[in-house]
Amino acid sequence: MPASSPPPSRTSVGPVRSSESHEAILAAAKQVLRERGYGGFSIDAVARLSKASKPTIYRRWPQKAALIIELYDRETAHVLNVPDLGSVAAELIALARSNWALWRETAAGDAVRGIIAEAQTDPEALRRLRDTFMPDRRRFARQVFGRGQQRGEIPASASIETAVDMFNGFNWYHLLTDQIRKTDEPAIESAVEILLAGLTRSGG
């Protein structure tokens, strides 16, 4: 595998503008996470690579989980907004496949595994996971199910929030058990078929 490109660094002795420093830290965090995994990720390593001081990093991200969550948001935001494909089934399958590919091929998979692991022993990481990270992840599937209701594919009386729980739970399970390879993807279509059949019956 070719060596990773170094993150942006300072080019003068003057103070780095806030936005430049922010981007340099995120680029360094991405590189450290990709090369070392969550277990080897540390603020010390990010500080060395980004040429930023640890106090600067901690002022913006008071703990490792906060930095990882922002990095995850950066990695995922541009690929998980599924366009209107005219079918809720097609959109859910596309969303799951995009998620799995992202988790396989970028630092995002390591990030979310690490956040969930840290939340088991760190109350602040748990709070961020429960109150910020997980709610933000719901919007992508909620948008798809909402379009399905508008098109009449899903009964108006069906519980969209429960459907989002089930869809996201299926995906998180496959991530945490490392079953997100291309050869595992047939499970996506089966899960979507079962989920939509249940939603249709629930509105009958």
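Which residues line the largest cavity? The close-ups below take up that question and a few others in this predicted model.

**View 1. The largest cavity and its lining.** The residues around this space are Tyr72, Leu80, Leu95, Asn99, Trp103, Arg137, Phe140, Ala141, Asn168, Asn171 and Trp172. Two or more lining residues come from each of helix H5 (88-105), helix H7 (123-151) and helix H8 (160-176). The volume of the largest cavity is about 110 Å³, and the structure holds one cavity of 30 Å³ or more. Sorted by class, the lining has seven nonpolar, three polar and one charged residues.

**View 2. The second largest pocket.** Here we turn to a pocket with a volume of about 190 Å³. Its lining is made up of 13 residues, of which Met166, Phe167, Ala191, Ile194 and Leu195 are the closest to the centre. Both H8 and helix H9 (186-202) supply at least two residues of this lining. H9 gives the most, with seven residues. If you are thinking about chemical character, the lining of the second largest pocket counts nine nonpolar, four polar and no charged residues.

**View 3. Helix H2 and what covers it.** Helix H2 spans residues 43-50, and its buried residues are Ile43, Ala45, Val46, Ala47 and Ser50. Which helices help to cover the buried residues of H2? Among the elements that do so are helix H1 (18-36), helix H3 (54-60) and helix H4 (64-76). Follow the chain just past H2 and you meet Lys51, which takes a positive phi of about 65°.

**View 4. Arg113 and its surroundings.** Arg113 sits in helix H6, which covers residues 108-119. Is Arg113 buried, exposed or partly exposed? With a relative accessible area of 26%, Arg113 is partly exposed, because that value falls between the 20% limit for buried and the 50% limit for exposed residues. Setting aside neighbours within four places in sequence, the contacts of Arg113 are Leu175, Leu176, Asp178 and Ile180. Tyr38 is also worth locating in this view: Arg113 and Tyr38 are 75 residues apart along the chain, while their C-alpha atoms are separated by 7.9 Å.

How values were computed
Residues are numbered from 1 along each chain as its sequence is written. This is a predicted model: local features need pLDDT of at least 70, side-chain atom pairs count only at pLDDT 80 or more; totals for chains, interfaces and linings use all residues. Side-chain values use heavy atoms; hydrogens and water are left out. Buried means under 20% relative accessible area, exposed over 50%, partly exposed in between (1.4 Å probe, protein chains only). Helices (H or I, at least four residues) and strands (E, at least two) are DSSP runs, numbered from the N terminus. Contact means heavy atoms within 4.5 Å. On a 1 Å grid over the protein atoms alone, a cavity is a set of points where a 1.4 Å probe fits but cannot get out, and a pocket is an open set with protein on both sides within 12 Å along at least five of seven lines; lining residues have an atom within 4 Å of a point. Grid points are joined across faces, edges and corners, and a volume is the space filled by probe spheres set on the points. Ala, Val, Leu, Ile, Met, Phe, Trp, Tyr, Cys and Pro count as nonpolar, Asp, Glu, Lys and Arg as charged, and the others, Gly among them, as polar.
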